[in-house]
Amino acid sequence: MVKKILILFAALVFSAQSIAEEVSGVTVFPHLGKVRFDLDSGIDINNHFGVGIGYQFESPWALELILQNTNPDLTHERMGDVDINTVSVNALYHFDTDRKIRPFASFGMGKADYDFLSEKDDTEVLYKLGLGLKWELTDSSSLRSDFNFFKGNGDGNVDASVSVGIHFALGEKKPVVLPPPPDSDSDGVPDSRDQCPGTPVGVQVDSSGCPRDDDGDGVANHLDKCPGTTNPRAVIDAQGCYVMTTEAVSIELNLEFDFDSSEARPEHESEVSRVADFMGEHPQSDVVVEGHTDSIGPEAYNQQLSERRARTIADILVENFGIGSERITSTGYGESQPVDTNSTEEGRQNNRRVIAKSSGETEVIQEK
């Protein structure tokens with residue numbers, strides 16, 4: 001039995017990893033339990049009680065002085081009872097579990113004093129070997145259970161005991177400082193959670209360890225030359241900018257004039273402002289202003305009248321809206337391009353007109 005326990009103890013020592021430092025300082029272990037003597041000893045099973053006073057080092061190791069007492073009956077031909085007091089010094093080695101339950105192994109030696117009621121007293125040296133567990137209750141106390149084998153030098157018998165008590169640590173608990181988890185690219189996100197290993201140094205990352213993309217355009221912040229591209233339907237280039245495309249744009253006005261008149265009507269200015277606004281938005285655009293008349297009167301006169309009408313609208317663009325004259329072309333077509341019949345007054349009125357046409361190009365965001 002002792003050989004098996006030694007083998008188990010050796011396996012635990014060599015296979016377990018030592019734990020981080022626990023509370024160092026003085027320890028106290030009041031306990032109760034049962035002690036079983038070898039059948040050949042003539043001593044019956046009995047309760048025992050005791051106390052341990054020890055010191056926990058800043059390591060897995062501790063030393064403990066154990067005082068125990070038991071008063072078993074004698075069996076077989078032996079009569080009466082015996083008062084047994086033991087004292088031993090034990091070394092304890094704790095194993096790492098990363099849990100509140102901590103196993104330990106112990107070994108030591110001491111002596112036992114046997115005070116027989118009907119026989120001569122005796123004393124023998126004890127050798128002890130044991131295993132135990134501590135269940136942490138608070139920072140400074142644990143529920144502790146010990147299972148020990150002990151053997152005296154006076155005979156070949158191996159005895160056993162089990163104890164349960166509260167283990168008190170009177171020292172100051174030092175905080176356990178765990179090493180930081182591995183972070184190969186030093187981005188602040190542990191390798192276990194890093195979905196983008198190898199992030200360049202200095203690049204801001206999100207909680208997954210990937211370069212941040214605040215505008216969600218698929219281009220990381222450190223590569224994005226156009227932050228704020230948030231249109232989800234837009235095509236984005238490799239620099240994080242919108243892909244632009246050119247579209248033709250135009251505007252056209254149709255302004256009627258009174259009979260035989262080239263003077264602007266009051267409502268003309270608000271209409272002409274639309275062309276001016278368009279030309280302001282498209283600086284590369286030009287405008288063509290075309291004047292027209294009905295067929296009443298000489299053809300040559302109507303030609304001059306259409307030209308005056310065209311110049312009236314051109315002058316409004318220059319003088320009232322600041323459009324450069326070099327961007328304006330005005331021309332007259334007389335009565336040559338009617339849009340309605342000249343046989344009725346309504347048709348002739350429709351032909352007394354100025355048409356303004358402006359065209360240009362604009363850049364728009366290309367969509368997917």
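Which residue of E3 is the bridge partner of valine 51? The points below take up this question first and then turn to the other parts of the predicted model.

1. The bridge partner of valine 51 in E3 is leucine 67. This pair belongs to the contact between E2 and strand E3 (residues 61-70), two strands that run antiparallel and are joined by nine bridges. The connection from E2 to E3 is a hairpin of four residues.

2. E2, which spans residues 46-56, also pairs with strand E1 (residues 25-36). The sense is again antiparallel, here over eleven bridges. Within this pairing, phenylalanine 49 of E2 stands opposite leucine 32. For reading side chains along such strands, a general rule applies: in a regular strand they alternate between the two faces of the sheet.

3. A separate topic is the sheet that contains E9. This open sheet has four strands in the order E9-E12-E10-E11, and its pairing is mixed. Strand E9 (244-256) and strand E11 (328-332) each have a single partner strand, so they stand at the edges and one side of each is left without a neighbour in the sheet. From one strand to the next, the twist averages 15°.

4. Inside the same order of strands, E12 is followed by E10. Strand E10 (residues 286-292) and strand E12 (residues 353-365) are antiparallel and share seven bridges. One position to inspect is histidine 292, which has arginine 353 of E12 opposite.

5. Two helices are placed against these strands. Helix H2 (residues 268-281) lies across E9, E10 and E12, and its direction is at about 165° to E9. Helix H3 (residues 299-321) packs on the sheet and touches E9, E10, E11 and E12. The direction of H3 makes about 160° with that of E11.

6. H3 merits a closer look. Its 23 residues reach 33 Å from the first C-alpha to the last, close to the 33 Å expected at 1.5 Å a residue. The buried residues of H3 are Asn302, Leu305, Ser306, Arg309, Ala310, Thr312, Ile313, Ala314, Ile316 and Leu317. Their cover includes E9, H2, E10, E11 and E12. When the spacing of such a list is read, it helps to recall that an α-helix has 3.6 residues a turn, so residues three or four places apart point the same way.

7. Is histidine 268 buried or exposed? Histidine 268 is placed in helix H2. Its relative accessible area is 2%, so histidine 268 is buried, the cut-off being under 20%. Apart from neighbours within four places in sequence, histidine 268 is in contact with Leu255, Glu256, Phe257 and Ile313. Ile313 is itself among the buried residues of H3.

8. The end of H3 can be followed into the next loop. Glycine 322 comes after H3 and has a positive phi, near 70°. Isoleucine 323 lies in the loop between H3 and E11. With a relative accessibility of 7%, isoleucine 323 counts as buried. Residues up to four places away in sequence aside, isoleucine 323 touches Ala276, Met279, Leu317, Val318 and Ile328. Isoleucine 323 and aspartate 286 are 37 residues apart in sequence, and their C-alpha atoms are 9.7 Å apart in space.

9. How many disulfides does the structure hold? There are two. With the bonded cysteines numbered in sequence order, the pairing is 1-2, 3-4.

10. One disulfide is formed by cysteine 196 and cysteine 210, with sulfur atoms 1.9 Å apart. This link is right-handed, with 80° about the S-S bond. Both cysteine 196 and cysteine 210 are in the loop between strand E8 (158-169) and E9, 14 residues apart. Cysteine 196 has 23% relative accessibility and counts as partly exposed, whereas cysteine 210, at 14%, counts as buried.

11. The other disulfide joins cysteine 226 and cysteine 241, whose sulfur atoms are 1.8 Å apart. The torsion about the S-S bond of this pair is about 75°, so the disulfide is right-handed. Cysteine 226 and cysteine 241 also lie in the loop between E8 and E9, 15 residues apart. Cysteine 226 counts as partly exposed at 25% relative accessibility, while cysteine 241 is buried with a relative accessible area of 13%.

Note on methods:
Residues are numbered from 1 along each chain as its sequence is written. Side-chain values use heavy atoms; hydrogens and water are left out. Two strands pair if DSSP finds at least two bridges between them. Axes are lines fitted to C-alpha atoms, for helices over the stretch in contact, and angles run from 0 to 180 degrees between N-to-C directions. Contact means heavy atoms within 4.5 Å. A disulfide is a pair of cysteine sulfur atoms within 2.5 Å. Buried means under 20% relative accessible area, exposed over 50%, partly exposed in between (1.4 Å probe, protein chains only). The expected span of a helix is 1.5 Å times one less than its number of residues.
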